[in-house]
Amino acid sequence: MTRVVIADDHTIVREGLKQVLAKAGDLTVVGEACNGAEVMQRVRELAFDVLILDMSMPGKSGIELIKQVHAEKPKLRILVLSMHEEEQYAVRALKAGAAGYLTKESASDLLVAAIRKVAGGGAYITPTVAEQFALGAMADTSGPRHAALSDREYQVFEMLAAGRSVTDIADRLNLSVKTVSTHKARIMQKMNMTNQAELVRYAVNHRLLDDPDRTC
């Protein structure tokens, strides 16, 4: 049996996933988590094979959480199940340590196959994501402007786009105001923008904004 932990802050999503996996026969859910802290608790306390991870949960989430899980349990297979379209996060998630990326829109049809593939040591990516990797290997610069940002810059970009001040971001990320200001300047330069309002418009147009304060 492949042992699975489901991490999602919506109870109805977790229950639905458990029903799908129960029908597979060879997959068993051994734990659940609804925020970043609980994810790390399950990783440290439970023995399991695959972590199904939502990209956006209360507390630490997204790329930083994937990196932390991968650092503590390198052999644990992480399958990201996200509401975000692939082009927004998939390549970043895979580079951070995930073994697969699946959108929630397609989960019901492909989830079981994706879990089996990553549990067996493979990677689950769609042709779209594979193409992004190939373009990146060829140093193609024709992608969206936010793709040029580092993971930390992207994290700061999201907060700036959500209307947060440099001081607030510094407090939340435990960084100095000077460091955040430097990140902001680099973001503006890489994205060819001059003010925060442009960042907000860009994030809205590309559907990149999340609610960082929601709870389970």
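In which loop does asparagine 174 lie? In this predicted model, asparagine 174 is found in the loop between H8 and helix H9 (177–191). The phi angle of asparagine 174 is near 60°, a positive value in a residue other than glycine, and with a relative accessibility of 71% the residue counts as exposed. A further asparagine, at position 192, is placed in the loop between H9 and H10; its phi is likewise near 60°, again positive in a residue that is not glycine, and asparagine 192 is exposed, its relative accessible area being 63%. A positive phi, near 50°, is also found at arginine 207, which follows H10.

The protein chain as a whole comprises 10 helices and 5 strands. Of its 216 residues, 43% count as buried, and among the contacts with a separation of 6 or more, 66% are accounted for by residues 24 or more positions apart.

The 5 strands are arranged as an open sheet with parallel pairing, in the order E2-E1-E3-E4-E5. The edges of this sheet are occupied by E2 and strand E5 (100–103), each of which has a single partner strand, so that one side of each is left without a neighbour in the sheet. On average, and with direction ignored, neighbouring strands of the sheet are turned by 25° against each other. Within the sheet, E1 and E3 pair in the parallel sense over 4 bridges, and alanine 7 has leucine 53 of E3 as its bridge partner. Helix H3 packs on the sheet, where it touches E3 and strand E4 (77–82), and the direction of H3 makes about 165° with that of E4.

Helix H2 (residues 36–45) also meets the sheet, lying across E1, E2 and E3 and running at about 130° to E2. The buried residues of H2 are Gly36, Val39, Met40, Arg42 and Val43; seen down the helix axis, these buried residues fall within an arc of 160°, so they line one face of H2. The cover over these buried residues includes strand E1 (2–7), strand E2 (27–33) and strand E3 (50–53), together with helix H3 (62–72). On the face of H2 turned away from its buried side, the exposed residues Ala37 and Glu45 are carried. The N-terminal end of H2 is capped by asparagine 35, a side-chain oxygen of which lies 3.2 Å from the backbone nitrogen of alanine 37.

Further along the chain, helix H10 (residues 196–205) packs against helix H7 (residues 151–161) at an angle of about 95°, with the two axes 8 Å apart, and H7 and H10 are therefore roughly perpendicular to each other. To this contact H7 contributes Phe157, Leu160 and Ala161, while H10 contributes Gln196, Leu199, Val200, Tyr202 and Ala203. The buried residues of H10 are Leu199, Tyr202 and Ala203, and, when H10 is seen down its axis, they fall within an arc of 95°, so they line one face of the helix. What covers these buried residues of H10 includes H9 as well as H7. The N-terminal end of H10, like that of H2, is capped by an asparagine: in H10 the capping residue is asparagine 195, with a side-chain oxygen 3.1 Å from the backbone nitrogen of alanine 197.

The loop between H7 and helix H8 (166–173) contains serine 165, which at 38% relative accessibility counts as partly exposed. The side chain of serine 165 reaches the backbone nitrogen of aspartate 168 at 3.1 Å. Serine 165 and valine 180 are 15 residues apart along the chain, and their C-alpha atoms are separated by 9.8 Å.

Key. Residues numbered from 1 in each chain as written. Predicted model: local features only at pLDDT ≥ 70, side-chain atom pairs only at ≥ 80, totals over all residues. Heavy atoms only, no water. Buried < 20%, exposed > 50% of the residue type's maximum accessible area, 1.4 Å probe, protein only. Helix = DSSP H or I, 4+ residues; strand = E, 2+ residues; numbered from the N terminus. Arc of directions from axis to C-beta. Contact = heavy atoms within 4.5 Å. Polar contact = N/O pair within 3.5 Å; in protein donor to acceptor, adjacent residues only side chain to side chain. Pairing = 2+ DSSP bridges. Axes fitted to C-alpha atoms, helices over the stretch in contact; angles between N-to-C directions. Parallel < 35°, antiparallel > 145°, perpendicular 65-115°, else oblique.
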